[in-house]
Amino acid sequence: MRSTGPVRRIGRLLMATTATAAAGAVTALSLAASPAAAAPTGTTAARPGDACTAADLGTRHPYVKSTEVSPTITHFKGWYVTEGTTGQQTVSTDTTTVISVSAGLNDTIETSFAVEALSNVKATVGLDVKLEYTSTSEESNSVTWNLTQPGYYGFYKGTKKVTGTYGSLNCNRAQQDDGSWALEWTEGPGSGSFTTFTTLEEGAVRCQDGVPADSIMAKAQALLDCGSAAAKADHPAGAVAKTAQQKPDRPALHPTPTTSTPAEQPTATAHSTRAALDCSAEAYKIAVPGKPLSWGAPLLADDGVRLRPSSIFSAHLDNWRLCNVTEQDGVLEASLWNWGNGGCATIAEQNASTERAVLMTVPCAEDDLQRFYVYRDVPGSSKIGVQNKYTGSMMGYDRYADGEFIRQYSSGRQDGTGTFDLTAV
């Protein structure tokens with residue numbers, strides 16, 4: 001551990017106090033200046049620039065940036081009906097397109113952030129889309145339809161596929177045009193793309209049937225390739241050989257995701273090297289506002305960071321330093337080094353995608369799992385929210401109690417228990 005001149009300056013800036021915003025002495029890393037009030041958060045979905053409160057510092061929300069709705073055929077079978085074979089027919093169709101629900105990099109919709117993102121999509125497009133992991137390949141391919149006329153039919157199942165992009169909003173301080181400060185929802189890390197779909201529709205359509213343009217039925221009619229000689233020729237009753245258009249666009253079904261973790265996957269405690277860190281000379285407590293418990297690092301490697309009371313017996317396990325500090329768009333990024341055990345805060349690699357995974361400490365390394373974004377209240381307040389850089393999840397706790405773990409929550413804790421005080425020791 002070393003502390004250089006420039007890094008000491010970071011510590012002094014973090015502790016600087018400013019009499020007024022107009023004096024121009026508020027710096028990007030200042031955590032103390034004249035206080036300003038924040039407007040309350042609205043009950044509707046947050047948008048960039050909306051007001052937030054200090055209780056929102058430990059939360060984040062998705063917002064929909066773009067959407068596209070496209071009718072898609074998922075199952076299809078060409079079928080010829082002759083005189084005497086009309087009536088109710090049950091046809092086993094072939095899979096043509098597989099749509100899987102996803103939000104971000106994973107198909108598994110297991111976190112509150114992913115569910116909220118898809119809920120926002122539902123509200124944006126005004127369609128009843130899937131909000132949990134599923135795939136069209138899981139649907140039965142059987143279609144039963146009553147046919148009253150002979151002809152060349154396409155038996156189909158289809159849906160409206162909804163795709164697009166989303167962003168992630170975090171609450172952070174922003175300087176206003178008049179020099180004052182306020183808390184606003186600002187776009188942070190965690191943008192991605194999504195795919196979902198509506199309930200499957202099924203039916204049967206002929207070339208000569210009039211259908212609404214750009215409908216699921218129209219997409220099925222297009223697969224009949226009505227202008228081809230094969231479509232116009234007489235056939236025996238039953239299945240018709242596939243045309244080039246009717247062949248699947250994917251050779252294999254999408255595998256069902258698994259939540260199991262391979263036994264050989266390394267844990268975050270496997271780091272054997274320690275990164276050289278430039279840390280602030282000042283140490284801080286990360287405490288529950290107005291209460292005595294604060295983040296306490298463990299003595300044992302397999303334990304986690306817990307809420308603990310601070311006392312002369314804490315052995316500096318409640319003292320943290322901000323290391324390798326950078327700042328972009330008013331948001332700090334830092335490694336959190338613990339004075340008591342010499343480790344860096346992290347989420348274990350095998351638990352990175354797990355909701356409520358426990359915050360640990362391990363030997364320091366160059367690893368985004370050990371990097372955290374710090375969102376700050378207006379100058380004059382020491383309240384912060386803490387977000388893991390790699391997982392995008394916010395730090396918080398289930399209940400206020402001695403020994404309670406600090407955990408990650410994909411959307412943070414909406415009851416304000418993800419807001420902490422960063423106070424100098």
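The following exercises, each with a worked solution, concern the disulfides, one helix and the backbone of a predicted model.

Residues are numbered from 1 along each chain as its sequence is written, and side-chain values use heavy atoms, with hydrogens and water left out. Because the model is predicted, local features need pLDDT of at least 70 and side-chain atom pairs count only at pLDDT 80 or more, whereas totals for chains, interfaces and linings use all residues.

**Exercise 1.** Determine how many disulfides the structure holds and which pattern they follow.

*Solution.* Step 1: apply the criterion, a pair of cysteine sulfur atoms within 2.5 Å. Step 2: search the whole structure; four disulfides are found. Step 3: count the bonded cysteines along the chain, which gives the pattern 1-2, 3-4, 5-6, 7-8.

**Exercise 2.** Describe the disulfide between Cys-207 and Cys-226.

*Solution.* Step 1: the S to S distance of this pair is 2.1 Å. Step 2: the torsion about the S-S bond is about -95°, so the disulfide is left-handed. Step 3: locate the two ends, with helices (H or I, at least four residues) and strands (E, at least two) taken as DSSP runs numbered from the N terminus. Cys-207 lies in the loop between β8 (201-206) and α3 (216-223), and Cys-226 in the loop between α3 and α4 (229-232); the pair links distant parts of the chain, 19 residues apart. Step 4: assess accessibility, where buried means under 20% relative accessible area, exposed over 50%, and partly exposed in between (1.4 Å probe, protein chains only). Cys-207 is partly exposed at 25%, and Cys-226 is partly exposed at 26%.

**Exercise 3.** Which hand do the links Cys-279 to Cys-323 and Cys-344 to Cys-364 have, and where do their cysteines lie?

*Solution.* Step 1: the sulfur atoms of Cys-279 and Cys-323 are 1.8 Å apart, and with 100° about the S-S bond this link is right-handed. Cys-279 belongs to the loop between β9 (238-239) and β10 (284-287), and Cys-323 to strand β13 (residues 320-328), so the pair ties together parts that are 44 residues apart in sequence. Both Cys-279 and Cys-323 are buried.
Step 2: the sulfur atoms of Cys-344 and Cys-364 are 2.1 Å apart, and with 95° about the S-S bond that link is also right-handed. Cys-344 is in strand β15 (residues 344-347) and Cys-364 in the loop between β16 (359-362) and β17 (372-376), so parts 20 residues apart in sequence are tied together. Cys-344 is buried at 0% relative accessible area, and Cys-364 counts as buried at 1%.

**Exercise 4.** Establish how the buried residues of α2 are arranged about the helix axis.

*Solution.* Step 1: helix α2 (residues 112-125) has 14 residues. Step 2: its buried residues are Phe-113, Ala-114, Ala-117, Leu-118, Asn-120 and Val-121. Step 3: seen down the axis, they fall within an arc of 155° (taken from the directions from the helix axis to the C-beta atoms), so they line one face of the helix. Step 4: recall that an α-helix has 3.6 residues a turn, so residues three or four places apart point the same way.

**Exercise 5.** Where do Asp-214 and Ala-315 lie, and are they buried or exposed?

*Solution.* Step 1: most residues other than glycine have a negative phi. Step 2: Asp-214 has a positive phi near 55°; Asp-214 lies in the loop between β8 and α3 and counts as exposed at 56% relative accessibility. Step 3: Ala-315 has a positive phi of about 55°; Ala-315 lies in the loop between β12 (306-309) and β13 and is exposed at 51%.

Methods. The expected span of a helix is 1.5 Å times one less than its number of residues.
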